[in-house]
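Reader: Hello! Please pick the buried interior of this model and take me through it closely, residue by residue where that helps.

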Amino acid sequence: MFPAPLNHLSRWLERLRDPVEEVVAAFESQPHRRIIKTHTPLDGLPYSAEASYVFCGRDPRDVFFSMQDHVANASEESKQDMRRRAGASEDFAFPTDIDMLFSLWLTTPASEGLEDGFPVGSVMSFTQKFWRFRHLPNLHFLNYTDLRTDLDGELRRLARFLGTPIDEALWPSFLDAASLDAMRERADELAPGAHFGEWRSNRDFFKSARRGTWRDLLSVESQALYEELAADRLGPRLKTWLEGGRAAVGDPQPIRPPPRRDARRGSSQTAAAASRSSAKPRPTAAANASTSGTTSRSALKPKPSEPQ
């Protein structure tokens, strides 16, 4: 069990609904490793070699339909906030024709410097920012398809990356808790933004785990448009990984030895704190492409140079 609802423990930083002083105080009061949820690209995050970054990718077509589910479930106040963040007028109506909206999303910039993403964020650009730095030892890639097909194996990989020992006696309960049904039952604790009324129904945040429904819902023309643009913007390996995970393309990252553990702290030496004081607990930034990415607001760049 969590010591507090997950939507309080792991704040979604881009959702500027809670006073920043409250968010900072909540994180600084936590004695354990802190987990920060973000939809900001890596070049918009302060980079620290002492923090752990976990990126979760997903087929952009599934992301699109997941976003439609979230828009339909969003409270009226949340929809107004979406319009504000997208730079749209208060009376902007989201198109109801799915092919029209899909084309708009793929071809209309969400903000300056992007090629797509309007009105809810660019997944391709967001993913590219992390993919470019996949060689970093403190960046870990998960894929939605892999999590759905091999939850046990993927969570074990994540535990190794974080330097977290697995208690085999408790492990089945962790797998059960990560199931869609279990999360739906605890939606008030787990749905991001539930504490400030983000959704009409917190349970419906976990309504379905869309995989491949685009095949029956998008026109042939829309599917062809995606293939053309994704191939150009992502390149073959990233496109294949996003759509099919490790099973389709192999591990996107080099094989690394497990991180050494600090016996004094019981956590990974490669996952220390990017905080104001070395005495502070260590954070993990969880970047999620399963819904959408937001535009970078920071000029801070990752320190390591890009791979050649």
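Author: Happy to. Buried here means under 20% relative accessible area, exposed means over 50%, and partly exposed is in between (1.4 Å probe, protein chains only). With a relative accessibility of 5%, Arg61 therefore counts as buried. Please keep in mind that this is a predicted model, in which local features need pLDDT of at least 70, side-chain atom pairs count only at pLDDT 80 or more, and totals for chains, interfaces and linings use all residues. Residues are numbered from 1 along each chain as its sequence is written, and side-chain values use heavy atoms, with hydrogens and water left out.

Some background on the whole chain may help. The chain has 308 residues, and 48% of them count as buried. It contains 15 helices and six strands, taken as DSSP runs and numbered from the N terminus (helices H or I, at least four residues; strands E, at least two). For contacts (heavy atoms within 4.5 Å), consider pairs of residues at least 6 apart in sequence: 69% of these contacts join residues at least 24 apart.

Now back to Arg61, which belongs to helix α3. Setting aside neighbours within four places in sequence, Arg61 is in contact with Phe102, Trp214, Tyr226, Glu227 and Glu243. Trp214 deserves a second look, since Arg61 lies over the face of that ring, 3.7 Å from the ring centre. A charge sits over a ring if NZ of Lys or CZ of Arg is within 6 Å of the ring centre and within 35 degrees of the ring normal. Arg58 offers another example: its charged end is placed over the ring of Tyr144, at 3.8 Å from the centre.

Next comes strand β2, residues 52-57. Six of its six residues are buried, so β2 is largely enclosed by the rest of the structure. Its two faces are both covered, with Ser52, Val54 and Cys56 buried on one side and Tyr53, Phe55 and Gly57 buried on the other. Strand β3 (residues 139-143) pairs with β2 in the parallel sense, over five bridges; pairing requires that DSSP finds at least two bridges between the strands. Within this pair, Leu139 of β3 is the residue opposite Tyr53.

Both strands also feed the hydrophobic part of the interior. A nonpolar core is a set of buried Ala, Val, Leu, Ile, Met, Phe, Trp, Tyr and Cys residues joined through side-chain atoms within 4.5 Å. The largest such core has 48 residues, and the members that touch the most others are Phe55, Trp105, Phe130 and Leu139. Two or more residues of this core come from each of β2, α3 (60-73), α5, α6, β3, α11 (187-190), α13 (220-234) and α14 (236-244). A second core, separate and made of seven residues, includes Leu147, Leu158, Phe161 and Leu162.

Phe130 shows how these pieces meet. Beyond its neighbours within four places in sequence, Phe130 is in contact with Thr40, Pro41, Leu42, Leu45, Phe55, Leu139, Phe141 and Ala287. Phe130 is also part of one aromatic cluster, together with Phe55, Phe126, Trp131, Phe141 and Trp241.

That leads to the ring pairs. Rings of Phe, Tyr and Trp (its six-membered ring) pair if their centres lie within 6.5 Å; planes under 30 degrees apart count as stacked, over 60 as edge-to-face and the rest as tilted. This rule gives 17 aromatic pairs. One of them joins Phe64 and Phe65, whose ring centres are 5.1 Å apart and whose planes stand at 85°, so the pair is edge-to-face. In Phe205 and Phe206 the centres are 5.0 Å apart and the planes are again at 85°, so that pair is edge-to-face too. Phe64 and Phe65 are both buried. Phe205 counts as buried because its relative accessibility is 17%, and Phe206 does so at 8%.

A charged residue in strand β1 (residues 34-38) is worth a visit as well, namely Lys37. Its relative accessibility of 15% means that Lys37 counts as buried. Not counting residues up to four places away in sequence, Lys37 touches Ser10, Arg11, Trp12, Leu13, Glu14, Pro192, Ala286 and Asn288.

For contrast, look at Phe174 in helix α9 (residues 171-177). Phe174 has a relative accessible area of 49% and is therefore partly exposed.

Finally, one backbone detail to check on your screen: the peptide bond joining Phe118 and Pro119 is cis, with omega about 10°. Pro119 is located in the loop between α5 (98-107) and α6 (123-131).
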